[in-house]
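Please open the model in your viewer and keep the selection panel at hand. The tour moves from single residues to whole chains.

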Amino acid sequence: MTTTPFAARATAVAARATDLSKVYGQGETQVVALDHVSVDFGQGEFTAIMGPSGSGKSTLMHCVAGLDSFSSGSVRLGETELSMLKDKQLTKLRRDKIGFIFQAFNLLPTLTALENITLPMDIAGRKPDKQWLEQVIDMVGLSGRLGHRPTELSGGQQQRVAVARALASQPEIIFGDEPTGNLDSRSGAEVLGFLRNSVRDLGQTVVMVTHDPVAASYADRVIFLADGRIVDEMLKPTADGVLDRMKHFDAKGRTS
Amino acid sequence: MFRTALRNVLAHKARLLMTVLAVMLGVAFVSGTLVFTDTFGNAYKNKSAKSFDHVSVAVQGEGSSSYDGGGDDGEAKRPPRLTDAFLEKARDLPGAESAIGSVSGFTAVADKDGKLVGGEWGTTGSNFYPAENGKDPRYDFTEGAAPKSAADIALDSRTADRTGYEVGDTVRYSTDGPVRTAKVSGVFDTEDGSVLAGGSLVVFDNDTARKVLGKTEYDEIDLKAAAGTSETALKSAVEKILPKSTDAVTGTQLSDDQADMIEESTSSMSQVLLIFAGIALFVGIFIIANTFTMLVAQRTKELALMRAVGASRRQVTRSVLIEAFLVGLVAAVTGFVLGIGVAVGLESLMNSAGASLPDGPLVVAPTTIVVALLIGVVVTMLAAWLPGRRAAKIPPVAAMNSVHATPTTRGLVVRNTIGSIIVALGVVLLLNDDNYVMAGGAAVILVGVIILTPLLSRPFIAASAPLLKPFGVTGKLARLNSVRNPRRTASTAAALMIGLTLITAMTVVATSMSEAINKMAAGSLKADYTVSMANYQPLAPEIGEKLDKLPEVAASSPLRTAYGEVDGSYSQISGVDAEAFGELVSLDFTSGSLAGLQGDSVLVDRHTADEQHLKTGDTVAVRFEEDDKTAKLRIAGVYEQNEMITGLFTPLSVVDPHLSKITDEQVLVKMEDGTSAKAEDAIVKALGDNPAIKIQDKDAISNEIGGAINMMLNMLYGLLAMAILIAVLGVVNTLAMSVFERKHEIGMLRAIGLDRAKVKQMVRLESIVISLFGAVLGVGLGVFMGWAVGNSVADSVATYTMEVPVGRIALFLAIAALVGVLAAVWPARSAARLNPLMAIKAE
């Protein structure tokens with residue numbers, strides 16, 4: 001397992017975790033969240049990370065996204081080795097190279113939709129690429145609502161703002177943490193569609209944590225985590241296929 | 001209910017910290033004041049009671065007090081009273097063990113540099129009157145011996161310490177005119193009241209004292225009762241032989257009177273301090289209200305759940321009030337303990353600053369404990385009452401909703417209307433002539449503006465946008481965050497505003513006043529120097545004559561002041577050298593001129609002239625108080641009076657015949673070559689380098705008054721510092737709440753790339769915006785109030801015009817910005833420390 005059986009195929013690698021471990025606590029109370037995980041996320045690929053609660057799927061994403069520290073191993077984002085970076089450099093990396101979509105939308109209620117979308121660039125002090133911005137806004141269908149504040153938008157609209165925010169700064173990779181977790185199925189399908197399209201049409205790289213087989217079916221590839229290890233992988237997944245696989249793990253988990 | 005409340009308090013320990021601190025400081029201020037004044041008063045009383053130990057019965061001239069400056073006005077005309085003969089007679093009374101006579105009066109002592117020792121008021125000389133055993137019970141000699149001849153002088157131990165004089169040193173001193181020298185024969189401790197209050201006391205032998213202090217008889221004769229004779233028995237025995245217009249008073253009575261006097265002065269001191277403590281507590285109310293509003297808002301669901309399971313509105317309110325009670329109690333108890341520390345600290349601070357407070361046990365009166373606890377608890381519960389009521393209004397259904405109900409704008413509409421009406425009312429009151437109504441108006445406006453602060457916060461903070469622009473996105477977020485909860489921002493800023501309004505208003509008035517005095521001194525006084533006694537006692541006329549003969553002096557005139565009635569109205573009548581007077585002052589004549597001031601003539605100030613319908617050329621009857629004789633004087637001119645030059649002026653020849661003893665209030669001197677160190681030196685030398693004589697140029701005169709104004713201003717700054725400090729805690733509190741409430745947002749910002757330094761900057765900028773909002777409001781309101789108060793001052797001080805102390809105000813704003821930075825230190829740090837992960841996940 002220390003080699004790279006779950007390497008990306010063909011394309012270049014956007015992010016790579018090698019032998020990644022994260023351990024909480026010590027001795028008796030030690031909890032292993034990630035156990036020597038090695039995985040590649042290919043450029044221009046939509047990857048879903050699945051697994052039961054406590055499998056370490058969120059931790060894996062947080063470590064790869066530079067949000068969380070890890071105990072050992074290495075994470076490379078493009079050419080950058082994250083384990084060597086201090087907080088300030090990590091922050092800059094997230095600002096310039098990574099986009100985020102959270103379960104709870106996490107928009108600033110004081111800013112308008114447009115201001116929320118351009119926030120990462122405002123933080124960086126960069127001017128947004130106007131043409132690109134319009135394209136993104138167009139794609140998520142927010143043109144008429146740019147002046148609204150988040151409280152004046154529905155959940156689905158808010159998450160579309162969040163998707164636009166992640167896309168607008170043209171990051172090398174977008175991480176989504178249960179992006180459809182707080183949405184009804186229609187809004188969820190819309191958001192997943194945008195992500196899918198951004199990968200297909202714009203060549204965006206997306207990594208998404210989810211526990212929903214339907215959401216996972218939008219991805220090019222699904223990796224399954226259990227007990228801090230990658231236990232399986234599925235290419236060109238379907239919702240039913242993912243569900244089957246999940247049931248299988250659940251059963252195995254119960255019998256073992 | 002009580003248990004839930006207790007659990008809540010314990011659960012929110014950290015968030016209640018600032019509230020507890022605010023109440024604690026207020027209570028500490030109150031209890032510190034009470035303990036300090038009680039302790040101080042008690043020690044003073046004990047000590048002064050001891051100083052009456054040797055007095056069973058005191059015989060005093062009617063209407064005199066034991067510590068009067070020794071003025072001997074009209075003494076010569078009275079029949080002899082407290083003479084040596086009477087003292088002998090009193091001593092021989094059956095029941096009297098001993099008798100001592102005392103005299104005292106102003107005595108200036110020069111320190112080693114020739115400067116006056118001690119203040120101008122508390123420098124007293126007295127006599128050493130040996131009793132039978134050769135000792136004077138008033139003085140306890142620690143070094144050397146009592147003075148025995150005119151060549152001897154004894155100093156109190158504090159004066160000796162201060163000046164460095166030792167037994168055997170030669171000391172220069174002066175009482176009313178000439179400078180004398182004497183050798184220090186001894187140093188003594190004393191319980192004399194003026195020394196306890198920080199003055200200095202020197203003692204001469206009996207004959208010398210009476211001679212130099214100009215006393216033909218004693219000021220007071222103290223009798224000590226023999227064993228077995230009561231004070232009252234001795235008193236009635238003395239009363240049989242009392243000379244006319246004297247009184248016999250028992251020692252107990254004297255001691256009681258003294259105690260009453262001390263009580264009175266300490267209670268007025270504590271009242272002043274308590275007013276400022278009250279302001280501090282008032283400011284604290286805003287913090288408490290903010291905190292409880294937040295706690296209630298955060299527990300909306302929980303409180304709704306309680307309502308859903310059957311708690312009544314009253315029970316919900318009560319649970320909030322019980323929490324407030326617990327918080328108030330903790331704060332009051334710690335505040336009380338801190339207050340005792342404050343009292344002890346205040347005492348040692350004042351001692352190290354030069355005041356020698358008498359030692360005594362710490363007095364913690366039961367009322368102090370009750371007052372401290374009551375104030376802490378009541379203030380906290382009062383401030384929590386509104387949030388408590390709001391909590392009760394939460395509908396049970398809110399338990400099911402996930403979204404917090406946002407405060408409706410309707411509340412603000414009502415609030416703004418009420419605020420506007422109150423401000424309008426306040427302005428009307430403020431523009432009234434009556435001082436009390438005006439002060440009331442100022443307070444009403446303050447209340448109105450406090451109510452309006454949420455409304456004012458929006459335009460103000462919007463106006464700050466250009467200033468925040470350079471900070472980019474953090475500046476923008478800080479600005480938007482600070483108007484997110486207008487009520488909270490407003491009450492935080494209002495807390496700061498209150499202190500700054502008072503400080504600014506007082507600074508404006510004080511600056512304008514100092515400026516007015518400068519103008520007055522510069523404008524009306526042409527003389528280069530004024531010469532007077534250091535204690536403003538009368539000056540011997542020889543001084544004026546001596547000065548007039550000096551070659552360096554161009555012109556000089558005494559101000560020889562008498563009092564009398566002009567057509568029935570009481571007035572000050574100053575005799576001046578009519579020829580020189582024009583050179584020494586500039587009078588603004590409404591009619592007539594100085595030229596007419598010759599012979600039986602008089603200058604009248606406009607105020608008196610208007611009141612008595614007098615005009616130039618009239619003849620007016622002036623009845624002199626001292627000899628009850630009337631002089632008919634022709635009015636030579638009417639002039640515009642001011643604070644320095646007022647009353648009637650006549651040639652010396654008019655005043656002199658009416659005075660029993662010719663003395664001058666001061667001498668005005670104009671030098672040939674203006675003011676210079678050399679010129680001043682010439683005067684000092686001519687007057688024999690006399691420590692009792694004060695020579696001031698115009699600067700010194702305005703500095704003297706300006707210095708007093710400045711000192712008072714600084715004291716007020718000090719007293720208001722507590723209110724400011726509590727307001728700063730309020731800013732810390734608000735920011736900490738904001739950071740806590742927005743930890744998700746901050747976590748998201750950290751995740752998408754805002755680094756720690758920028759997060760800190762964002763919190764810091766929010767803090768500065770809120771602080772400056774309060775400061776600008778306070779300064780603006782303060783200037784307005786300074787203007788309003790100044791209007792009424794201007795009526796009585798002609799040269800008063802409003803001066804806005806721009807430098808000071810800029811300093812206040814700079815300090816407010818600094819306060820913002822400092823208040824943000826802790827909240828900014830905890831915001832920056834937020835882990836982006838925790839913040840995203842937690843819900």
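Select A:Glu178 first. In this predicted model, A:Glu178 counts as buried because 20 C-beta neighbours lie inside 10 Å, and 20 or more is the threshold for that class. The residue sits in the loop between E7 and helix H6 (185-202) of chain A. Its backbone also deserves a check: A:Glu178 is not a glycine, yet its phi is positive, at about 50°. Most residues other than glycine have a negative phi.

Next, select A:Gln170. This residue belongs to the loop that connects helix H5 (155-168) with strand E7 (173-177) of chain A. Here too the phi value is positive for a residue other than glycine, near 50°. Is A:Gln170 buried or exposed? With 16 C-beta neighbours inside 10 Å, A:Gln170 counts as partly exposed. Strand E7 thus links the two stops: the loop of A:Gln170 leads to E7, and the loop of A:Glu178 runs between E7 and helix H6.

Now widen the selection to chain A as a whole. Colouring by secondary structure should bring out 8 helices and 10 strands. The C-alpha trace spans about 55 × 40 × 40 Å along its principal axes. How does the radius of gyration of chain A stand against the value for a compact globule? Chain A has 18 Å, which agrees with the value near 18 Å that a compact globule of 256 residues would have. Of these 256 residues, 48% count as buried. Among contacts between residues at least 6 apart in sequence, 71% join residues at least 24 apart.

Move on to chain B. This chain holds 26 helices and 22 strands. Its C-alpha atoms fill a box of roughly 100 × 75 × 50 Å, taken along the principal axes. Buried residues account for 47% of the 843 residues in chain B. Of the chain B contacts with a separation of 6 or more, 83% are between residues 24 or more positions apart.

Within chain B, select residues 17-240 and 489-684 together. An unreviewed UniProt entry annotates these two segments as "domain: MacB-like periplasmic core". Then reduce the selection to residues 489-684 of chain B. This span is 36% helix and 32% strand. A distance label placed between its end C-alpha atoms should read 62 Å.

Note on methods
Residues numbered from 1 in each chain as written. Chains lettered and ligands numbered in written order. Predicted model: local features only at pLDDT ≥ 70, side-chain atom pairs only at ≥ 80, totals over all residues. Helix = DSSP H or I, 4+ residues; strand = E, 2+ residues; numbered from the N terminus. Buried ≥ 20, exposed ≤ 12 C-beta atoms within 10 Å, placed from the backbone. Contact = placed C-beta atoms within 7 Å. Rg over C-alpha atoms; globule rule 2.2 N^0.38 Å. UniProt positions renumbered as here; feature names shortened; annotations may be inferred.
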